[in-house]
Amino acid sequence: MAGFLRRLGALTLGLSLAAAAVYAQTFALEPDQKNAYLTTSGTSGEEVDAGRFSVKVTKTAVATSVDVADKTIETGNLFLVAHVSATSPAEPLQFRRHEAWLLTEGDKKYEVTDKVADDAMLLGKWVQAGWWIDAPLVFEVPKEALPGAELVLITPNNPLVVDNLAPDVQIDLGLTGGESPVEHYSLAPEGT
């Protein structure tokens, strides 16, 4: 009798776990819902509040090369530099490469260039609660990517736990494609 009760208990536990797994699947995101962030939209020059952080694009520039510290970095395309001010209402946060990108017409996505070190951009800085920080983000893009380009920043996530519904901002940079690139653009903070 004890063997029968043990097998019955194991069967009941197995069925309970299977039912819980099926129920848990109802909470999973559908493939077309992956990265379905809660988007707050805005335009260049406007403060955009996503709840966990606020950002404002203060200026943009298009260049054929950027000057970082004591070196010049060139590209066969164009560098789009977006100067971003950011703050957090409650806790410090730091944006990483996969949390910032440029979205162009046709939903083409451009990541931050790897030709410029993170510490020369917003990615290498901590955004402190109650304090505004201003730093550039640099993208390497072809000229045809400029019209209608939007900057997207998502809430920095814990590397171990990804929040697929984290709030993000999408900022229209106001570019038309008619912008004339400068030859050299300095990423050094003004006054240095």
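## Two exposed loop residues

Ala 69 is exposed, with a relative accessible area of 81%. The cut-off for calling a residue exposed is over 50% relative accessible area, so Ala 69 qualifies. In this predicted model, Ala 69 sits in the loop that links strand S3 (54–68) to strand S4 (71–87). Its phi is near 50°, which is a positive value in a residue other than glycine.

Asp 107 also has a positive phi, near 55°, and is likewise a residue other than glycine. Asp 107 belongs to the loop between strand S5 (100–104) and S6. With a relative accessible area of 64%, Asp 107 is exposed.

## Overall make-up

The protein contains one helix and ten strands. Along the sequence the helix comes before the strands, in the pattern α-β-β-β-β-β-β-β-β-β-β.

Of the 192 residues in the protein, 38% are buried. The accessible surface is about 11100 Å², and carbon and sulfur atoms account for 56% of that area. Among contacts between residues at least 6 apart in sequence, 71% join residues at least 24 apart.

## The five-stranded sheet

Five strands form an open sheet in the order S1-S9-S8-S5-S6, and their pairing is mixed. Strand S1 (38–43) and strand S6 (108–111) are at the edges; each has a single partner strand, so one side of each is left without a neighbour in the sheet. On average, neighbouring strands of this sheet are turned by 25° against each other, direction ignored.

Strands of a sheet pair through backbone hydrogen bonds, in either the parallel or the antiparallel sense. For strand S8 (residues 150–154) and strand S9 (residues 167–172) the sense is antiparallel, and the pairing runs over five bridges. Within this pair, Leu 153 stands opposite Val 169 in S9.

The loop that holds Asp 107 joins S5 to S6, and S6 is one of the edge strands of the sheet.

## Confidence in the model

The average pLDDT of the protein is 85, and 85% of the residues score at least 70. Confidence is lowest in helix H1 (residues 2–24), where the mean is 77. Strand S7 (residues 133–141) has the highest confidence, at 95.

Where pLDDT is low, the predicted coordinates should not be read in detail.

How values were computed. Residues are numbered from 1 along each chain as its sequence is written. This is a predicted model: local features need pLDDT of at least 70, side-chain atom pairs count only at pLDDT 80 or more; totals for chains, interfaces and linings use all residues. Side-chain values use heavy atoms; hydrogens and water are left out. pLDDT is the predictor's confidence in each residue, from 0 to 100. Helices (H or I, at least four residues) and strands (E, at least two) are DSSP runs, numbered from the N terminus. Two strands pair if DSSP finds at least two bridges between them. Axes are lines fitted to C-alpha atoms, for helices over the stretch in contact, and angles run from 0 to 180 degrees between N-to-C directions. Buried means under 20% relative accessible area, exposed over 50%, partly exposed in between (1.4 Å probe, protein chains only). Contact means heavy atoms within 4.5 Å. Accessible areas come from the Shrake-Rupley method with a 1.4 Å probe; for residues, only the protein chains shown count as cover.
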